[in-house]
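User: Could you take a close look at the salt bridges in this model for me, and then set them beside the pockets and the nonpolar cores? I'd enjoy one connected account.

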Amino acid sequence: MPLGERGGWERSESRYCGVETDFSDDVTYLLNFNISTGGFDYVLAPLMNPSYRPSLVEGNGVDTQVLPVSGSDLVLSPSQWSSHVVGKISSWIDLDSEDEILRMDSETTLKQEIAWATHLSLQACLLPTPKGKSCANYARCVNQILQGLTTLQLWLRVPLVKSDGDSMDDTSEGSNDSWELWNSFRLLCEHDSKLSVALDVLSTLPSETSLGRWMGESVRAAIVSTDSFLTNARGYPCLSKRHQKLIAGFFDHAAQVVISGKPVHNLQKSHDSNTQGTEKHPLRTYLDYVAYLFQKMEPLPEQERIELGYRDFLQAPLQPLMDNLEAQTYETFERDSVKYIQYQRAVEKALVDRVPDEKASELTTVLMVVGAGRGPLVRASLQAAEETGRKLKVFAVEKNPNAVVTLHNLVKMEGWEDIVTIISCDMRFWNAPEQADILVSELLGSFGDNELSPECLDGAQRFLKPDGISIPSSYTSFIQPVTACKLYNDVKAHKDLAHFETAYVVKLHSVAKLAPSQSVFTFTHPNFSTKANNQRYKKLQFNLPSDSGSALVHGFAGYFDSVLYKDVHLGIEPTTATPNMFSWFPIFFPLRKPLEVHPDTPLEVHFWRCCGSSKVWYEWSVSSPTPSPMHNTNGRSYWVGL
């Protein structure tokens, strides 16, 4: 039974707990004992008798040898094989052995076992951990196999270890970091999306920052050894706080848990009182504890639940200047009440600064909403005027004729005809009848300026008074390097250059953030400088934390932070993000070739914002530790139309 169902706990994706078993000729009993009796969801079981060696068979000249597999495919139904068995490739194989007979036996056995697993329609097979420092031949054979697979996933077993680097017991070969082993293997296998990792969770864990790297990798399972469990006051197995946090992280990233090893907690008395003549599974208490960990996780907030389908899903950014938005898009943004509360607060402060209390009944403030859409900023501005007791005259400027229809209906329905004037025009080309005290806009994209807010507001500020206020008054973009295995594979699947040179809006989830974000471009409004220029260039240097170990950078996550007015801000940069706001997901700039970065070597990144007569685009590259190609030269793949 999936872990979530044990407590009636709902989540869109089930989490499962398997158990690692020894080889058995009787697969039916294996399933009955571990699943029906034990309560596990599946077995991680060897497919071939561990004593089998092809060279011994061939040496006897027997051509019609029947493979010593764990049983005929007929002993279970196809759905049982598929749902309840993950194949475990023989752990003795060593494809990089210097012993040629062992190496050839290993190659033959690996291919035979994968062929058998494919025949059984298994969903996944566990590959044993590479034996030595070199895994080139092992990876070559696995890569050959991957080319022919359609549905079968391969999980490479890797121990979750990283020695400290500073500790005295480190060998001269450097720190022992199992991530390096995984990285070498997946690079040799060309980042194949059918190759994932299964981590052996041991009793000792590496540092928090080192563990964080794995959250951006394709971890499919955490194999938890019974030796990793502590004992609670009642004698039952439990995990340390750090282990609990790690397992919760894996659950959140859709990884499964496998219990491995012999029982190390002596609970025979409680077994006897509960069995009533039936045999209790020796690892049942470990399963119950894992289920308890899952059930005590906080349920997802409502908004997060709505956004589940957007997790790690690449979307092209909006082109609101070049294209007209659809009603559904407006609807989504208008539901974000937090954003409009912030705008209302900003307008309230601006009105109070603009008009002192003693003149509140005399002076009328001229406020222009540029890019009014279907009117949420008009409503927020009028509510601000009501809250502060200020008089307001509003011009609502909107270029989308379809949204203007909605605006007219809104003004009529609310009785705002004497206060609000609707202008159906592009703000850059409108000739205003009078100048504004306050200019309000919501033209920001996930990267701040990526929906052409600077160009639009530069065009609109000509009808702002010299001492007028722009809301927002400034905004800054930020980037940070990330490991994002899934995003990289999704971009790679398109098999072209253009997709690697496109920035995507994406709800980041299975991502490891490798260093704190840094600011890139800042724009301030109004900008009455005669030398105003919206082209920008920034060189940034990131350093991985010293205890994190090396990591693979697949690209850069981008955010923005905006000052609406004075101390009222709005943004999605992780350290200062406005709580409970959902109008913007981060942006993702991919790298054509992922880059391995070490803690002792800085990552040097270059970003450009380029402006042409009809479009604006970004270019980006890395110069250290290894130079990357320039991405998106001349906006050849991705640009925003003026």
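Analyst: Happy to help; the salt bridges come first, followed by the cores and the pockets.

Please keep in mind that this is a predicted model. In it, the count of salt bridges comes to 31. Three pairs are worth walking through one by one.

Let's start with glutamate 107 and arginine 140, whose closest N and O atoms are 3.4 Å apart. This pair links distant parts of the chain, 33 residues apart: glutamate 107 belongs to helix H4 (residues 100–119) and arginine 140 to helix H5 (residues 136–148). How buried or exposed are the two partners, glutamate 107 and arginine 140? Glutamate 107 has a relative accessible area of 13%, and because buried means under 20%, glutamate 107 counts as buried. Arginine 140, with 39% relative accessibility, is partly exposed.

The next pair is glutamate 208 with arginine 242, a salt bridge in which the closest N and O atoms are 3.1 Å apart. Glutamate 208 sits in helix H7 (residues 208–212) and arginine 242 in helix H8 (residues 241–252), so this bridge ties together parts that are 34 residues apart in sequence. Here glutamate 208 is partly exposed at 40% relative accessibility, and arginine 242 is partly exposed at 32%.

The third pair joins arginine 636 to glutamate 501, with 2.7 Å from N to O. Both partners are in loops: arginine 636 lies between strand S25 (615–624) and strand S26 (640–641), while glutamate 501 lies between helix H18 (497–500) and strand S17 (504–505), and the two are 135 residues apart. Glutamate 501 is buried, with a relative accessibility of 0%, whereas arginine 636 is partly exposed at 47%. Elsewhere, salt bridges with shared partners connect Glu20, Lys88, Arg157 and Asp200 into one network.

Now to the nonpolar cores. The largest has 100 residues, among which Ile471 and Phe556 touch the most other members. Strand S21 (residues 551–565) gives the most to this core, supplying 8 residues. What does isoleucine 471 contact, once its neighbours within four places in sequence are left aside? Its partners include Tyr343, Ala346, Val347 and Ala350, along with Ile438, Leu439, Val440 and Ser441, and also Leu564 and Tyr565. Apart from this core there is a second, separate one of 76 residues, which includes Trp182, Val201, Cys238 and Tyr286.

That leaves the pockets. The largest has a volume of about 1200 Å³. Its lining comprises 47 residues, with Leu318, Leu325, Thr329, Phe333 and Glu451 nearest its centre. Several elements each supply at least two lining residues: helix H11 (302–306), helix H12 (327–334), helix H13 (337–354) and strand S12 (391–398). H12 gives the most to this lining, with 6 residues. By residue type, the lining divides into 23 nonpolar, 12 polar and 12 charged.

The second largest pocket holds about 640 Å³ of space. It is lined by 23 residues, and Glu304, Glu307, Lys507, Met581 and Trp584 lie nearest its centre. This lining is made up of 13 nonpolar, 5 polar and 5 charged residues.

Notes:
Residues numbered from 1 in each chain as written. Predicted model: local features only at pLDDT ≥ 70, side-chain atom pairs only at ≥ 80, totals over all residues. Heavy atoms only, no water. 1 Å grid on protein atoms, 1.4 Å probe; cavity = no way out; pocket = protein on both sides within 12 Å on 5 of 7 lines; lining within 4 Å. Points joined across faces, edges and corners; volume = space filled by probe spheres on them. Helix = DSSP H or I, 4+ residues; strand = E, 2+ residues; numbered from the N terminus. Nonpolar A, V, L, I, M, F, W, Y, C, P; charged D, E, K, R; others polar. Core = buried A, V, L, I, M, F, W, Y, C linked by side-chain atoms within 4.5 Å. Buried < 20%, exposed > 50% of the residue type's maximum accessible area, 1.4 Å probe, protein only. Contact = heavy atoms within 4.5 Å. Salt bridge = Lys/Arg side-chain N within 4 Å of Asp/Glu carboxyl O.
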